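This report introduces the structure shown below to a reader who has not met it before. It takes up a loop residue, the sheets, the helices packed on them, and a pocket.

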Amino acid sequence: MKLSQFKFKLPEEQIALQPSYHRDECRLMILHRKSNKIDMYKTDENGEPLKDEEGNPVFLDFRNVLEHFDEGDTFVFNDTKVFPARLFGTKEKTDAKIEVFLLRELNEEMRLWDVLVEPARKIRIGNKLFFDESGTMVAEVIDNTTSRGRTLRFLYDCPHDEFKRELFALGEAPLPHYIVDRRATTLEDMDDFQCIYAKNEGAVTAPASGLHFSREMMKRMEIIGINFAYITLHCALGNFHEIEVEDLTKHKMDSEQMFINAEACRLVNETKKTGHHICAVGTSVLKATETAVGTDGLLKEYEGWTNKFIFPPYEVNLADSMIANFYHPYSTLLMSTAAFGGYDLVMEAYDMAVKNGYRFGCYGDAMLILND
């Protein structure tokens, strides 16, 4: 598959800068990968499109997902928790404003963090950065890791829990640049950019497809008898990196840390053995489960890292349905969606989404892919 096959024109006004007012009220498009059908509109009992007061067809919304699942089916969620990874500091002596994006903590005792800095050309080994007016939160650059990557040592003498609390209090929601370049981050973003079931801290971007699930919707799922299986994959920034090769087999993904426990395996494997549906909520869940699935088609316990890159053609070994957002041109997230739903069908859906005003990105609209 070639990079150029994932090109399409995305109007800027269709990039979602804000979430839906209610999590579960975004638009939904449903793809049926065996019959090659695409549904956009709500219908009555006779299959006729419902119309609003002005006679226009009514679009499906995210809550319509539940019409396609029954008791005994299992949804697999990524319960990673986003932390406030974007900080702004000033460089000693020059007072230049520097954006510091926390990636991961390397050493608790020494307060070492792997970070990205912008503008990188101004930050060298030995520089100190100040993050608050009192001058108590200070970091020293001790290594260059990539062109923008640095290792920082925070000079903050206190118990680790207190240090993390103070550090994160200075940060803001790590929204992608296609949002923060167009509007300011707000306090509400830290909640909006977090799945309601988020538990295990470590992500620097949200598993966006999970953002659509509200407490009310998950309660309805419980009443239906749908199972919830939780895995953890700490979403990193690799999905936002530009692909620099035309031949996708030559692209290397960044590694992301992931955990799949025995309870998740039990739920998923029992569901598969009894012939019920397994729905992967997002491309991160697809990546994690395809990393950990065995040759017998069953999910295995896993603790480690994955750099799996899923793109067409690809035969999915575990989930038979999937929820995804609408992603940007050339993105690895679009490629993973196309691998699950089929390239031609997914690209046709994207063409329809652009023409019908669907919203794209992490705060955008959703797609459900069914194996029927």
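Helices and strands are here DSSP runs, numbered from the N terminus, with at least four residues for a helix and at least two for a strand. The model is predicted.

**A histidine in a loop**

With those terms in hand, His328 can be placed in the loop between strand E16 and helix H7, which covers residues 332-341. Leaving aside residues up to four places away in sequence, His328 touches Phe8, Leu10, Ile15, Tyr178, Leu334 and Gly361. One of these contacts, Ile15, lies 313 residues from His328 along the chain, yet the C-alpha atoms of the two are separated by 8.7 Å.

**The open sheet**

Strands of a sheet pair through backbone hydrogen bonds, in either the parallel or the antiparallel sense. In this model, nine strands form an open sheet with mixed pairing, in the order E2-E1-E17-E16-E14-E3-E12-E13-E15. Strand E2 (37-39) and strand E15 (302-306) stand at the edges and have a single partner strand each, so one side of each lacks a neighbour in the sheet. From one strand to the next, the twist of this open sheet averages 20°.

Several pairings involve E12 or E13, and the table sets them out together with one bridge from each.

| Strand pair | Sense and bridges | Bridge partners |
|---|---|---|
| E3 (74-78) and E12 (227-233) | parallel, five bridges | Phe75 and Phe228 |
| E12 and E13 | antiparallel, two bridges | Thr232 and Phe259 |
| E13 and E15 | antiparallel, five bridges | Glu256 and Thr306 |

Helix H4, residues 215-224, packs on this sheet and touches E3 and E12, with its direction at about 130° to that of E12. Helix H6, residues 283-292, also packs on the sheet, touching E3, E12, E13 (256-260), E14 (278-281), E15 and E16 (321-325). The direction of H6 makes about 70° with that of E13.

How many of the 10 residues of H6 are buried? Nine are, and the helix is thus described as mostly covered. The buried residues of H6 include Val285, Leu286, Ala288 and Ala292, and also Lys287 and Glu290. Strand E13, which H6 touches, has two faces: Glu256, Met258 and Ile260 make up the covered one, whereas Gln257 and Phe259 belong to the uncovered one. Two of these residues reappear in the table: Phe259 is the bridge partner of Thr232, and Glu256 that of Thr306 in E15.

**The barrel**

A further set of six strands closes into a barrel, ordered E5-E6-E7-E10-E9-E8, with antiparallel pairing. The twist in the barrel averages 45° from one strand to the next. Within it, E6 (residues 97-107) and E7 (residues 112-118) are joined in the antiparallel sense by seven bridges. Arg104 stands opposite Asp114 in E7. Helix H1, residues 160-169, packs on the sheet and touches E5 (86-91), E6, E7 and E10 (149-154). The direction of H1 makes about 150° with that of E6.

**A pocket**

Rolling a probe the size of a water molecule over the atoms shows where empty space is left. The second largest pocket holds about 200 Å³ of space. Which residues line the second largest pocket? They are Pro19, Ser20, Tyr21, His22, Arg23, Asp192, Leu211, His212, Cys362, Tyr363 and Gly364. By class, this lining comprises five nonpolar, four polar and two charged residues.

Terms used
Residues numbered from 1 in each chain as written. Predicted model: local features only at pLDDT ≥ 70, side-chain atom pairs only at ≥ 80, totals over all residues. Heavy atoms only, no water. Pairing = 2+ DSSP bridges. Axes fitted to C-alpha atoms, helices over the stretch in contact; angles between N-to-C directions. Contact = heavy atoms within 4.5 Å. 1 Å grid on protein atoms, 1.4 Å probe; cavity = no way out; pocket = protein on both sides within 12 Å on 5 of 7 lines; lining within 4 Å. Points joined across faces, edges and corners; volume = space filled by probe spheres on them. Nonpolar A, V, L, I, M, F, W, Y, C, P; charged D, E, K, R; others polar. Buried < 20%, exposed > 50% of the residue type's maximum accessible area, 1.4 Å probe, protein only.
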